[in-house]
Amino acid sequence: MTKEEYDKNIETLITWAKAYYVYDEPIASDEEYDKLARLCLDFENKNPELTHQNSPNKRVGGVILDGFSKANHLSRMWSQEDIFNTKELEDWIKRASKVGDNLEFFCQPKFDGVSLNLIYENGILKQAITRGDGEIGEDVTQNAYTIQSIPLKIDEKSLIEIRGEVVIKKSDFENINKDRIKNGETPFSNPRNASAGSLRQLDSNITAKRKLFFNVWGVGQNSLNLQKTSEMMKYIFSLGFIEAPMQTLAKSIEEIENIYNNMVSKRDSFPMLLDGMVIKIDDIHTQEDLGFTQKFPRWSCAYKFPALEKTTKLKDIILQVGRTGVVTPVAIVEPVLIEGANVERASLHNFDEINRLDLKINDSVIIIRSGDVIPKITKVLKDRRTGDEKEIIKPTLCPVCSSELLIEDIMIKCQNLDCSARVVSSIIYFASKNCMNIDGLGDKIVEQLVREQKIFDILDLYSLKFEDLNILDGFREKKAQNLIDAIKNTKGSELHRVINALGIEHIGEVASKQLCFEFGLNLINVTFEELITLDGIGEQMANSLLEFMRVNKEIVLKLFEIIQPTVTQKIEAKENIFKNKTVVVTGTMSKSRNEIKELLENLGAKISSSVSKKTDFVIFGEDAGSKYDKAIELNIKILTENEMYELIKN
Ligand SMILES: NC(=O)c1ccc[n+]([C@@H]2O[C@H](COP(=O)([O-])OP(=O)(O)OC[C@H]3O[C@@H](n4cnc5c(N)ncnc54)[C@H](O)[C@@H]3O)[C@@H](O)[C@H]2O)c1
Ligand SMILES: [Zn+2]
């Protein structure tokens, strides 16, 4: 790298860091940022005299937003030195071991959020300050008051700084983004930015709504006089801070590696995003001997996890036609490796998503994949456009059967029931594991059978003959026979499986079970009124089922005839006061809520979760809240648990 290149790279880093720290809207992936920062660091180590005075490698990142009052930390806040592999871990330990042998290391999860310093005086939370440049941060005390996991009072009376990470649960993050999209706001690119954006709010009512969580990881100024970080943390947790899982002491590189690997493997099961593991030398005297660089403590480091977010390029958009005819755009991207998996496709949900992202072919994008979640494009890096980008055009004709597409709100649909894409996907769905579970009838085979005109719909599966299959490419005798047998084996399947396998829009596994239990084979003839009285079945579901049965009744009847499904229907209860009545159960009782519900359901009652004019009885236990009040307000008959038992005595 030449001096010019180095200076240019530093400018890029500064721009990226500003977008990240100041606006909570990154314009690069962490991986890219880390890579470039590393390259610059190498240059700086070799040419200390040429080091840029604003190099992000030399300072704690972060600027104070207008509108916030500034506040001083009592003692400095730091960043962490990143390490990425065993070799770097060995080097780090070697450097740390200069001050002594037999070191012990305290390992903590590194939750990915935003740093917060809490100052307690006389046991009262006095001030909450963001990290800022390490010396001065933003005063967000009012916002900290709204975070449940931050105690307002603690039992330690001396002046103390307690530090931790403000994070957001992955599930809450999804919900916030759904709301933001609904309100026409830009969604946050990841949970880290969501927590930073939510903590750094001028309106603490907004912060309060965001369900932030404080995960404590250390202390700043204090007069506790403890010898070990591990003891210190134990003491802090005893003050009422919630203890993070997997805080472990280690004595060797092997032990550290084991803890690290274990944490990486459990990463998806944490409700919050983890981006690494922080390793600290446990002994506080040793920490003091090692001291700090300009940017981070020499006695701790962050062992980063493999990145979940990568930057890549959108090559193309393909269109998939699902079994209900919905046309979904799928992004084809330049392949990137994320956590060992090669990612080439990302889901886009619908064309609205493309508009919202302002996505164009050839755009650089940030893509995220975590756990089993389907890879998704979270951001378009518009400042990298070169002029070669191409608009993505909404289709008007079905990409498979060329019939005109119906545009329904944000959905685009092929309405042709015989569209081979719809036929293929509905058969694939029918055969899939959670439906009829037909072994050997995977995507490719279904496509082949439809292409070779051996089947035209689900029913045709049951008239497939050995001779039909035997002559097909790739079908040996055994394979053909196995498939015939697997199809035959679906006979006698439970009714709700068959209903679920039909792939009726809005009717999933749970609804199928409920409907079959309620109506049995008569499901074919139910009315809107009968459906709508069931708890959990809304108008949309009812209409979808009715419409499906109207169009496909003949096929369904034939299918029942062939499969002869097993029906487990509810048994007609004998006459009692709760039969066919709508009942709401609320508050704590002598038995679990589920037991009480089951008891009532066996008596033929419909259990509802909310009180309305339609409710016949509200049965209440201890601490019954708003449902009890509503029952009184609507003049609905209320019963205690014992009164209920009295009524069903004999
Ligand atoms: N995408 C971008 O454009 C961009 C720009 C700038 C920075 N970044 C990212 O931010 C990183 C640098 O940010 P940073 O300096 O804030 O470092 P960092 O976030 O990687 O690590 C330091 C922070 O970790 C937090 N932390 C979490 N758990 C901890 C624990 N158990 N003990 C101690 N601290 C803990 C603390 O808040 C501390 O301030 C880079 O590595 C990069 O990935 C990305
Ligand atoms: Zn079509």
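**Briefing: Lys110, a cysteine cluster and a four-stranded sheet**

Lys110 is buried, since 23 other C-beta atoms lie within 10 Å. The structure is a predicted model. Lys110 is listed by UniProt, in an unreviewed entry, under "active site". The same kind of record, also unreviewed, gives a "binding site" annotation for Cys398, Cys401, Cys414 and Cys419. The points below treat these positions and then an open sheet of four strands.

**Surroundings of Lys110**

- Strand E3, which covers residues 105–111, contains Lys110.
- Beyond the residues up to four places away in sequence, Lys110 touches Leu274, Asp275, Gly276, Met277 and Val278, together with Ala302.

**The annotated cysteines**

- UniProt's unreviewed entry assigns "binding site" to Cys398, Cys401, Cys414 and Cys419.
- These residues span 22 positions in sequence, but no two of their C-alpha atoms are more than 8.7 Å apart, so they gather at one spot.
- Cys398 is located in the loop that connects strand E16 (376–380) with strand E17 (405–408).
- Cys398 counts as buried because it has 23 C-beta neighbours inside 10 Å, the threshold for a buried residue being 20 or more.
- Outside its neighbours within four places in sequence, Cys398 is in contact with two of the other annotated cysteines, Cys414 and Cys419, and also with Val321, Ser403, Leu405 and Asn416.
- Cys419 occupies the loop between strand E18 (411–414) and helix H12 (420–431).
- Cys419 has 19 C-beta neighbours inside 10 Å and therefore counts as partly exposed.
- Apart from residues up to four places away in sequence, Cys419 touches Cys398, Cys401 and Cys414, as well as Val321, Gly325, Val400 and Ser403.

**The four-stranded sheet and its helices**

- The strands of this open sheet follow the order E20-E19-E21-E22 and pair in parallel.
- Strands E20 (606–608) and E22 (637–640) form the edges; each has a single partner strand, so one side of each is left without a neighbour in the sheet.
- From one strand to the next, the twist averages 30°.
- Four bridges join strand E19 (residues 582–586) to strand E21 (residues 617–620) in the parallel sense.
- Val584 has Val618 of E21 as its bridge partner.
- Helix H22, residues 626–633, packs on the sheet and touches E19, E21 and E22, with its direction at about 140° to that of E21.
- Helix H21, residues 593–602, lies across E19 and E20 and runs at about 165° to E19.

Conventions:
Residues are numbered from 1 along each chain as its sequence is written. Chains are lettered from A and ligands numbered from 1 in the order in which they are written. This is a predicted model: local features need pLDDT of at least 70, side-chain atom pairs count only at pLDDT 80 or more; totals for chains, interfaces and linings use all residues. UniProt positions are given in the numbering used here, feature names are shortened, and annotations may be inferred rather than shown by experiment. Helices (H or I, at least four residues) and strands (E, at least two) are DSSP runs, numbered from the N terminus. A residue is buried if 20 or more other C-beta atoms lie within 10 Å of its own, exposed if 12 or fewer, and partly exposed in between; C-beta atoms are placed from the backbone. Two residues are in contact if their C-beta atoms, placed from the backbone, lie within 7 Å. Two strands pair if DSSP finds at least two bridges between them. Axes are lines fitted to C-alpha atoms, for helices over the stretch in contact, and angles run from 0 to 180 degrees between N-to-C directions.
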